[in-house]
Amino acid sequence: MPTATTAEAETDNPHPPTGFLPRHRRTLTAALTATGLAAAALLGYTLTRDDDAPPEQRPAPTAPVTYTVDGQGTAQITYVARSTTGTTVQEAALPWRKSVRVPLGQTPTITLVLPDDGSEATCTLAIRGNHTQRSTATGPHGRATCSAELPRQDR
(Lines give C-alpha, C1' and ligand atoms only; values in the text may rest on other atoms or scores of the structure.)
Protein backbone atom coordinates (compact mmCIF):
# COMPACT_ATOMS: atom_id res chain seq x y z
CA MET A 1 0.00 0.00 0.00
CA PRO A 2 1.40 3.41 -0.87
CA THR A 3 2.24 5.79 1.82
CA ALA A 4 0.62 9.22 2.10
CA THR A 5 3.71 10.94 0.87
CA THR A 6 3.90 8.65 -2.17
CA ALA A 7 0.19 9.22 -3.03
CA GLU A 8 0.55 12.95 -2.60
CA ALA A 9 3.63 12.91 -4.82
CA GLU A 10 1.75 11.02 -7.55
CA THR A 11 -1.19 13.46 -7.63
CA ASP A 12 0.97 16.57 -7.41
CA ASN A 13 3.21 15.53 -10.33
CA PRO A 14 2.05 17.38 -13.46
CA HIS A 15 4.46 15.49 -15.74
CA PRO A 16 3.35 12.41 -17.69
CA PRO A 17 4.88 9.06 -16.87
CA THR A 18 8.49 8.54 -17.82
CA GLY A 19 8.91 7.59 -21.51
CA PHE A 20 5.47 8.83 -22.64
CA LEU A 21 6.58 11.97 -24.59
CA PRO A 22 9.70 10.54 -26.20
CA ARG A 23 7.63 7.56 -27.44
CA HIS A 24 4.81 9.63 -28.95
CA ARG A 25 6.66 12.82 -29.93
CA ARG A 26 7.34 11.60 -33.49
CA THR A 27 3.70 10.60 -33.98
CA LEU A 28 2.44 13.94 -32.69
CA THR A 29 4.94 15.88 -34.80
CA ALA A 30 4.02 13.94 -37.93
CA ALA A 31 0.28 14.39 -37.31
CA LEU A 32 0.64 18.14 -36.73
CA THR A 33 2.86 18.53 -39.81
CA ALA A 34 0.39 16.63 -42.02
CA THR A 35 -2.52 18.69 -40.70
CA GLY A 36 -0.63 21.94 -41.34
CA LEU A 37 0.29 20.91 -44.89
CA ALA A 38 -3.29 19.87 -45.67
CA ALA A 39 -4.61 23.19 -44.34
CA ALA A 40 -2.05 25.14 -46.39
CA ALA A 41 -2.94 23.20 -49.57
CA LEU A 42 -6.67 23.78 -49.03
CA LEU A 43 -6.10 27.49 -48.43
CA GLY A 44 -3.93 27.74 -51.56
CA TYR A 45 -6.55 25.97 -53.67
CA THR A 46 -9.33 28.18 -52.31
CA LEU A 47 -7.40 31.39 -53.02
CA THR A 48 -6.27 30.44 -56.55
CA ARG A 49 -9.29 28.67 -58.04
CA ASP A 50 -11.46 30.49 -60.56
CA ASP A 51 -15.14 29.75 -59.93
CA ASP A 52 -16.14 31.45 -63.19
CA ALA A 53 -13.90 29.27 -65.36
CA PRO A 54 -15.75 26.69 -67.45
CA PRO A 55 -14.96 23.06 -66.74
CA GLU A 56 -12.09 21.73 -68.77
CA GLN A 57 -13.23 20.01 -71.91
CA ARG A 58 -11.43 17.98 -74.49
CA PRO A 59 -10.92 20.02 -77.64
CA ALA A 60 -13.27 19.15 -80.48
CA PRO A 61 -11.71 17.16 -83.34
CA THR A 62 -10.89 19.39 -86.31
CA ALA A 63 -10.01 19.13 -89.99
CA PRO A 64 -7.59 21.30 -91.97
CA VAL A 65 -9.30 23.78 -94.30
CA THR A 66 -7.62 26.10 -96.81
CA TYR A 67 -9.40 29.20 -98.09
CA THR A 68 -8.04 30.96 -101.20
CA VAL A 69 -9.15 34.12 -102.99
CA ASP A 70 -7.52 34.81 -106.37
CA GLY A 71 -7.79 38.11 -108.20
CA GLN A 72 -6.33 41.60 -108.21
CA GLY A 73 -6.86 44.56 -105.93
CA THR A 74 -8.65 44.06 -102.60
CA ALA A 75 -11.75 42.36 -101.20
CA GLN A 76 -13.58 42.01 -97.91
CA ILE A 77 -13.19 38.37 -96.86
CA THR A 78 -15.11 36.54 -94.12
CA TYR A 79 -14.20 32.96 -93.21
CA VAL A 80 -15.02 30.37 -90.54
CA ALA A 81 -12.26 28.94 -88.36
CA ARG A 82 -12.57 27.54 -84.81
CA SER A 83 -15.45 29.76 -83.71
CA THR A 84 -19.00 29.64 -85.02
CA THR A 85 -18.84 33.31 -85.96
CA GLY A 86 -16.82 34.34 -88.97
CA THR A 87 -13.59 36.29 -88.99
CA THR A 88 -13.61 39.29 -91.35
CA VAL A 89 -10.57 40.77 -93.09
CA GLN A 90 -11.28 44.25 -94.46
CA GLU A 91 -9.49 45.25 -97.69
CA ALA A 92 -7.48 42.03 -97.94
CA ALA A 93 -4.83 42.29 -100.66
CA LEU A 94 -5.40 39.70 -103.41
CA PRO A 95 -4.34 36.98 -103.96
CA TRP A 96 -5.10 35.87 -100.40
CA ARG A 97 -4.77 32.46 -98.70
CA LYS A 98 -5.54 31.19 -95.18
CA SER A 99 -5.20 27.69 -93.69
CA VAL A 100 -7.19 27.00 -90.52
CA ARG A 101 -8.60 24.08 -88.54
CA VAL A 102 -12.39 23.84 -88.41
CA PRO A 103 -14.16 21.68 -85.80
CA LEU A 104 -16.06 18.70 -87.16
CA GLY A 105 -19.76 19.51 -87.32
CA GLN A 106 -19.21 23.12 -88.49
CA THR A 107 -19.53 24.16 -92.12
CA PRO A 108 -16.36 25.72 -93.55
CA THR A 109 -17.43 28.89 -95.39
CA ILE A 110 -15.68 31.79 -97.08
CA THR A 111 -17.45 34.86 -98.46
CA LEU A 112 -15.86 37.65 -100.47
CA VAL A 113 -17.24 41.08 -101.34
CA LEU A 114 -15.56 43.22 -103.99
CA PRO A 115 -15.08 46.98 -103.49
CA ASP A 116 -16.81 49.81 -105.41
CA ASP A 117 -14.42 49.58 -108.36
CA GLY A 118 -15.41 45.94 -108.91
CA SER A 119 -13.20 43.69 -111.02
CA GLU A 120 -13.22 39.92 -110.53
CA ALA A 121 -12.15 37.50 -107.78
CA THR A 122 -12.56 33.76 -107.23
CA CYS A 123 -12.81 31.96 -103.88
CA THR A 124 -11.87 28.30 -103.49
CA LEU A 125 -12.23 25.93 -100.56
CA ALA A 126 -10.13 22.83 -99.88
CA ILE A 127 -10.77 20.36 -97.04
CA ARG A 128 -7.94 18.03 -96.05
CA GLY A 129 -6.13 19.12 -99.20
CA ASN A 130 -9.03 18.19 -101.53
CA HIS A 131 -10.65 20.95 -103.61
CA THR A 132 -14.37 21.10 -102.76
CA GLN A 133 -15.84 24.31 -104.21
CA ARG A 134 -15.12 27.41 -106.32
CA SER A 135 -17.16 30.57 -106.87
CA THR A 136 -16.50 33.83 -108.73
CA ALA A 137 -17.57 37.41 -107.94
CA THR A 138 -17.60 40.15 -110.61
CA GLY A 139 -18.33 43.87 -110.78
CA PRO A 140 -18.85 46.52 -108.10
CA HIS A 141 -19.84 44.95 -104.77
CA GLY A 142 -19.76 41.52 -106.39
CA ARG A 143 -20.18 38.65 -103.95
CA ALA A 144 -19.15 35.01 -103.91
CA THR A 145 -19.47 32.30 -101.27
CA CYS A 146 -17.85 28.90 -101.00
CA SER A 147 -18.94 26.37 -98.40
CA ALA A 148 -18.89 22.61 -98.09
CA GLU A 149 -19.86 19.83 -95.75
CA LEU A 150 -17.02 18.86 -93.45
CA PRO A 151 -16.72 15.08 -93.71
CA ARG A 152 -15.75 13.03 -90.69
CA GLN A 153 -12.24 11.61 -90.48
CA ASP A 154 -12.07 8.15 -92.08
CA ARG A 155 -9.63 6.40 -89.76
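Me: Is R134 buried or exposed?
Reply: This is a predicted model. R134 has a relative accessibility of 55%. The cut-off for that upper class is over 50%. R134 therefore counts as exposed.

Me: Which strand holds R134, and where does that strand stand in its sheet?
Reply: The open sheet has four strands, in the order β4-β1-β6-β7, with antiparallel pairing. β4 and β7 (130-138) each have a single partner strand, so one side of each is left without a neighbour in the sheet. R134 sits in β7, and β7 stands at an edge.

Me: Which residues does R134 contact, leaving aside its neighbours within four places in sequence?
Reply: Contact here means heavy atoms within 4.5 Å. By that rule, and with those neighbours left aside, the partners of R134 are T122, C123, T124 and C146.

Me: How far apart in space are R134 and S147, C-alpha to C-alpha?
Reply: In sequence, R134 and S147 are 13 residues apart. In space, their C-alpha atoms are separated by 8.9 Å.

Me: T124 touches R134. Is T124 buried or exposed?
Reply: T124 lies in strand β6. Outside the four places on either side in sequence, T124 touches T66, Y67, T68, I110, H131, Q133, R134 and C146. The limit for the lower class is under 20% relative accessible area. T124 comes to 10%, so T124 counts as buried.

Me: By how many degrees are neighbouring strands of the β4-β1-β6-β7 sheet turned against each other on average?
Reply: The sheet is open, and its four strands pair antiparallel. With direction ignored, the average turn between neighbouring strands is 20 degrees.

Me: How many bridges join β1 to β4?
Reply: β1 and β4 run antiparallel. Across this pairing, T68 stands opposite R97 in β4. The number of bridges joining β1 to β4 is eight.

Me: Which residues form the covered face of β2?
Reply: In a regular strand, side chains alternate between the two faces of the sheet. In β2, T74, Q76 and T78 make up the uncovered face. The covered face is A75, I77 and Y79.

Me: Which residue in β5 is the bridge partner of Q76?
Reply: β2 runs antiparallel to strand β3 (residues 87-93), with five bridges between them. In that pairing, T78 has T88 as its bridge partner. β2 also runs antiparallel to β5, through four bridges. There the bridge partner of Q76 is V113.

Me: Which residues touch the most other members of the largest nonpolar core?
Reply: In soluble globular proteins, nonpolar side chains tend to be buried together. The largest nonpolar core here has 27 residues. β1 (62-71), β2 (74-79), β4 (96-103), β5 (109-113), β6 (120-127) and β8 (143-147) each supply at least two residues of this core. The members with the most contacts to other members are Y67, V69, I77, W96, I110 and L112.

Me: How many degrees lie between the ring planes of Y67 and Y79?
Reply: Both Y67 and Y79 are buried. Their rings form a tilted aromatic pair, 5.7 Å centre to centre. The pair links distant parts of the chain, with Y67 in strand β1 and Y79 in strand β2, twelve residues apart. The angle between the planes is 45 degrees.

Me: Why is the Y79 and W96 pair called tilted?
Reply: Y79 is buried at 7% relative accessible area, and W96 is buried at 13%. Their ring centres are 5.6 Å apart. Planes under 30 degrees apart count as stacked, and those over 60 as edge-to-face. The Y79 and W96 planes stand at 45 degrees, so the pair is tilted.

Me: Which residues form one aromatic cluster?
Reply: The count of aromatic pairs comes to two. Y67 pairs with Y79, and the ring of Y79 also pairs with that of W96. The cluster consists of Y67, Y79 and W96.

Me: What percentage of the 155 residues counts as buried?
Reply: The protein has two helices and eight strands. Along the sequence they follow the pattern α-α-β-β-β-β-β-β-β-β. The exposed surface is about 11300 Å², and carbon and sulfur atoms supply 54% of it. The buried share of the residues is 26%.

Terms used
Residues numbered from 1 in each chain as written. Predicted model: local features only at pLDDT ≥ 70, side-chain atom pairs only at ≥ 80, totals over all residues. Heavy atoms only, no water. Core = buried A, V, L, I, M, F, W, Y, C linked by side-chain atoms within 4.5 Å. Buried < 20%, exposed > 50% of the residue type's maximum accessible area, 1.4 Å probe, protein only. Phe/Tyr/Trp six-rings, centres within 6.5 Å; stacked < 30°, edge-to-face > 60°. Pairing = 2+ DSSP bridges. Axes fitted to C-alpha atoms, helices over the stretch in contact; angles between N-to-C directions. Areas by Shrake-Rupley, 256 points an atom, 1.4 Å probe, with all protein chains shown as cover.
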